[in-house]
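Please open the model in your viewer, with the sequence panel beside it, and follow the stops below in order. Each stop says what to select and what is found there.

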Amino acid sequence: MDRVMWLSALLILLIAVCVQCAATHKHTHTHTATKERTEDGAYAPRDAHHMEGGEHFAEFDHEAILGSVKEAEEFDNLSPEESKKRLAVLVVKMDQNSDGYVDRHELKAWILRSFKSLAEEEASERFEDVDLNNDESVTWEEYLQETYGMDSEDEEGVRLPFEEPRNEEERKLIQDDKEMFEAADTNQDGKLDSTEFVQFISPEEFPQMLPIILQQTLRDKDANNDGRIDFQEFVGDNAKDHDKEWLIVEMDKFKEDFDKNNDGFLSGNEILSWVVPSNDEVASDEVAHLFASSDDDHDDRLSHQEIIDKYDIFVGSEATDYGDHLQNIHHFDDEL
């Protein structure tokens with residue numbers, strides 16, 4: 001009986017601690033501009049989680065078709081029959097020349113538009129969080145406060161200087177963010193509207209932001225400041241945590257995938273090809289995967305029925321906000 005009472009008391013104490021933590025925890029810092037960086041400093045490709053533990057991650061396929069994480073999640077509420085019905089409408093939109101088939105070019109174009117939509121959706125969600133005064137713009141001060149938990153007012157609402165970074169790593173993150181913020185502020189008014197914010201939160205998606213990514217990569221990786229990346233700088237501190245086989249694999253990637261001019265160094269666009277994976281390549285890989293899974297008659301084109309029959313591969317039994325997605329489609333059509 002005493003043991004039961006002791007365990008009950010311990011449980012109550014743990015609950016109280018969790019509640020207190022929830023009440024006092026203000027913000028878990030997530031660095032937007034580098035949130036998708038991998039251990040070698042590169043931005044993780046869109047399909048970074050396409051395979052997890054040897055298992056195919058079907059949600060990536062659904063998001064690549066629907067262009068929305070929210071819509072892919074909402075598809076869970078639809079029956080297979082309703083999923084097929086709604087997918088049929090999307091297939092007509094994919095079939096740009098209305099010949100009754102979706103070829104590889106058409107599917108790739110659709111997926112690339114979906115990637116853009118996914119970036120905009122992510123930015124929109126973050127924008128709502130960071131726009132603390134709901135004035136449809138984000139200032140640097142708002143971003144600092146929301147992202148790094150740096151309060152600008154005391155309990156009486158008196159304006160205070162922002163806190164100093166808590167450590168050197170945070171100082172570097174803030175410096176990188178500040179540079180990216182200023183680069184995204186295209187009209188130089190000191191704040192970001194919703195369009196500029198997309199460039200800030202997903203800089204790897206916009207060519208005009210790539211010079212900033214290059215500059216920051218060199219500052220972070222170019223230990224000898226010669227304006228290029230050698231193999232030792234390429235692997236960095238990760239080398240000490242891996243064996244010889246890992247180094248051989250990394251050397252092969254360095255030489256075969258990135259060092260295009262075979263000079264033993266990465267510079268300029270070679271560095272960008274390393275740290276910013278190509279959406280075009282990811283889309284091509286996804287097209288190849290979807291065709292391999294759906295082109296049953298092997299004629300190198302997908303009939304509307306072939307796609308609908310494999311609805312579980314393309315969208316699953318997951319609900320979509322039908323009206324919103326059609327509106328997005330019309331927006332894409334206007335851009336073509």
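Begin with Asp300, which lies in the loop between helix H13 (279–294) and strand S6 (302–303); helices (H or I, at least four residues) and strands (E, at least two) are here DSSP runs, numbered from the N terminus. The phi of Asp300 is positive, about 60°, although this residue is not a glycine. For background, most residues other than glycine have a negative phi. Asp300 is partly exposed, with a relative accessible area of 42%, where buried means under 20% relative accessible area, exposed over 50%, and partly exposed in between (1.4 Å probe, protein chains only).

Before moving on, note that this is a predicted model, in which local features need pLDDT of at least 70 and side-chain atom pairs count only at pLDDT 80 or more, while totals for chains, interfaces and linings use all residues. Residues are numbered from 1 along each chain as its sequence is written, and side-chain values use heavy atoms, with hydrogens and water left out.

**The whole chain**

Select the protein chain, and you have 16 helices and six strands on display. Of its 336 residues, 39% count as buried. Among the contacts (heavy atoms within 4.5 Å) with a separation of 6 or more, 63% are accounted for by residues 24 or more positions apart.

**Asp309 and Lys84**

Now select Asp309, whose place is in helix H14 (residues 304–309). Asp309 counts as partly exposed, at 45% relative accessibility. Add Lys84 to the selection: although Asp309 and Lys84 are 225 residues apart along the chain, their C-alpha atoms are separated by 7.7 Å.

**Gln188**

Go next to the loop between H7 and strand S5 (191–192), where Gln188 is found. Gln188 is another residue other than glycine with a positive phi, in this case near 55°. Is Gln188 buried or exposed? With a relative accessible area of 59%, Gln188 is exposed.

**H7 against H9**

Select helix H7 (residues 168–184) together with helix H9 (residues 210–221), which pack at an angle of about 165° with their axes 10 Å apart. The axes are lines fitted to C-alpha atoms, for helices over the stretch in contact, and angles run from 0 to 180 degrees between N-to-C directions. H7 and H9 are therefore roughly antiparallel to each other, on a scale where angles under 35 degrees count as roughly parallel, over 145 as roughly antiparallel, 65 to 115 as roughly perpendicular and the rest as oblique.

To see the contact itself, show Gln175, Asp176, Glu179, Met180 and Ala183 in H7, which meet Ile212, Ile213, Gln215, Gln216 and Arg219 in H9. By class, this contact of H7 with H9 has four nonpolar, three polar and three charged residues, given that Ala, Val, Leu, Ile, Met, Phe, Trp, Tyr, Cys and Pro count as nonpolar, Asp, Glu, Lys and Arg as charged, and the others, Gly among them, as polar.

Stay in H9 and centre on Gln216, which is buried, with a relative accessible area of 6%. Not counting residues up to four places away in sequence, Gln216 touches Asp176, Glu179 and Met180.

**H4 against H5**

For a second helix pair, select helix H4 (residues 80–94) and H5, which pack at an angle of about 110°, with their axes 10 Å apart. H4 and H5 are therefore roughly perpendicular to each other. Leu90, Lys93 and Met94 in H4 meet Glu106, Leu107 and Trp110 in H5, and the residues of this contact divide into four nonpolar, no polar and two charged.

**H6 and its surroundings**

Select H6, which is mostly covered, since seven of its nine residues are buried. The buried residues are Trp140, Glu142, Tyr143, Leu144, Glu146, Thr147 and Tyr148. They pack against H5, strand S4 (138–139), H7 and H8. Gly149 follows H6 and has a positive phi, near 70°.

**The nonpolar cores**

Finish with the largest nonpolar core, of 34 residues, in which Val138, Tyr143, Phe197, Phe200, Phe234, Leu266 and Trp274 touch the most other members. Such a core is a set of buried Ala, Val, Leu, Ile, Met, Phe, Trp, Tyr and Cys residues joined through side-chain atoms within 4.5 Å. The largest share of this core, five residues, comes from H7. A second, separate core has 29 residues, including Ala64, Phe75, Leu78 and Ile313.
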